[in-house]
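Reader: Before we discuss the interior of this protein, could you put the sequence and the model in front of me?

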Amino acid sequence: MKGFTRSDQLLSLCGLNCGLCTMRLGGYCPGCGGGEGNQSCAVARCGLDHGGVEYCFQCGEFPCARYEREDAYDSFITHRNRLRDLERARRDGVEAYQAEQRERCELLGTLLERYNDGRRKTLFSLAANLLELEDLREILVRLAEEASDLPLKERAGRAAALCNEAAERRGVELRLRKPPGKSGK
């Protein structure tokens, strides 16, 4: 969108954790306001109309109707925690939130580099987005202890199992929510 740029490519204006998105990781998206040719975005337009806020929580109308209820569906990245994550960034400060996001990105990078058999990118991205940081750390410690000598396919299976076990304990589903009739991973 013309005139819309951002320096933070980890947390979008609307609260998506772009640094953990499979499209961004794959080089298919420059992130929110991160390059030329970005798609038109109603939230970006709204941000520009409200003085060019960098995050929706900086707007005097936040939380507005856009955040009254959780999005029913996800895109390439989960939308489940947008409001919660924006509120955390506002409460704790953007720098503290970014520090946590950088650690999540590093942990996701390790999962993808060492445990992705070509079929786990979405699962690991969802885990990095939705699980607690302590869960992600514990998963990687256990993988280093239990799976480091296994063939890739078995390492990937063990990593997926540990992510799903942690998600089940937290009551989290590690699947993208798609509208009826659209398949999701």
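Author: A nonpolar core is here a set of buried Ala, Val, Leu, Ile, Met, Phe, Trp, Tyr and Cys residues joined through side-chain atoms within 4.5 Å, and buried means under 20% relative accessible area, with exposed over 50% and partly exposed in between (1.4 Å probe, protein chains only). This is a predicted model, in which local features need pLDDT of at least 70 and side-chain atom pairs count only at pLDDT 80 or more, while totals for chains, interfaces and linings use all residues. Residues are numbered from 1 along each chain as its sequence is written, and side-chain values use heavy atoms, with hydrogens and water left out.

Reader: Which elements give two or more residues to the largest nonpolar core?

Author: In soluble globular proteins, nonpolar side chains tend to be buried together. The largest nonpolar core holds 27 residues, and those that touch the most other members are Leu 111, Tyr 115, Phe 124, Leu 131, Ile 139, Leu 143 and Leu 174. With helices (H or I, at least four residues) and strands (E, at least two) taken as DSSP runs numbered from the N terminus, the elements that give two or more residues to this core are α4 (94-115), α5 (121-130), α6 (133-146) and α7 (152-170).

Reader: Which residues does Leu 174 touch, not counting residues up to four places away in sequence?

Author: Contact means heavy atoms within 4.5 Å. With residues up to four places away in sequence not counted, Leu 174 touches Leu 123, Leu 126, Ala 127, Leu 130, Cys 163, Asn 164 and Ala 167.

Reader: Is α5 largely enclosed or open, and what covers its buried residues?

Author: Nine of the 10 residues of α5 are buried, so this helix is largely enclosed by the rest of the structure. The buried residues are Thr 122, Leu 123, Phe 124, Ser 125, Leu 126, Ala 127, Ala 128, Asn 129 and Leu 130. What covers them includes α1, α3 (82-92), α4, α6 and α7.

Reader: Is Ser 125 buried or exposed, and which residues is it in contact with beyond its neighbours within four places in sequence?

Author: Ser 125, which is found in helix α5, has a relative accessible area of 3% and is therefore buried. Leaving aside neighbours within four places in sequence, Ser 125 is in contact with Leu 20, Cys 21, Thr 22 and Leu 108.

Reader: How is Thr 122 placed, buried or exposed, and what separates its C-alpha from that of Met 23?

Author: Thr 122 also has its place in helix α5, and its relative accessible area of 15% makes it buried. Although Thr 122 and Met 23 are 99 residues apart in sequence, their C-alpha atoms are separated in space by 9.8 Å.

Reader: How many aromatic pairs are there, and which of them is stacked?

Author: Rings of Phe, Tyr and Trp (its six-membered ring) pair if their centres lie within 6.5 Å, and planes under 30 degrees apart count as stacked, over 60 as edge-to-face and the rest as tilted. By this rule there are two aromatic pairs. The stacked one, because its ring centres are 5.4 Å apart and its planes at 5 degrees, is that of Tyr 55 and Phe 57.

Reader: What is the geometry of the pair formed by Phe 62 and Tyr 67?

Author: Both Phe 62 and Tyr 67 are buried. Their centres are 5.3 Å apart and their planes stand at 70 degrees, which makes the pair edge-to-face.

Reader: Which bond joins Phe 62 to Pro 63, and what is its omega?

Author: Pro 63 is found in the loop between α2 and α3. The bond that joins Phe 62 and Pro 63 is a cis peptide bond, with omega of about -5 degrees.

Reader: What is the volume of the largest cavity, and how do its lining residues divide?

Author: On a 1 Å grid over the protein atoms alone, a cavity is a set of points where a 1.4 Å probe fits but cannot get out, and lining residues have an atom within 4 Å of a point; a volume is the space filled by probe spheres set on the points, which are joined across faces, edges and corners. The lining of the largest cavity consists of Asp 135, Glu 138, Ile 139, Arg 142, Leu 162, Glu 165, Ala 166 and Arg 169, with α6 and α7 each supplying at least two residues. Ala, Val, Leu, Ile, Met, Phe, Trp, Tyr, Cys and Pro count as nonpolar, Asp, Glu, Lys and Arg as charged, and the others, Gly among them, as polar. The volume of the largest cavity is about 50 Å³, and its lining divides into three nonpolar, no polar and five charged residues.

Technical notes. On a 1 Å grid over the protein atoms alone, a cavity is a set of points where a 1.4 Å probe fits but cannot get out, and a pocket is an open set with protein on both sides within 12 Å along at least five of seven lines; lining residues have an atom within 4 Å of a point.
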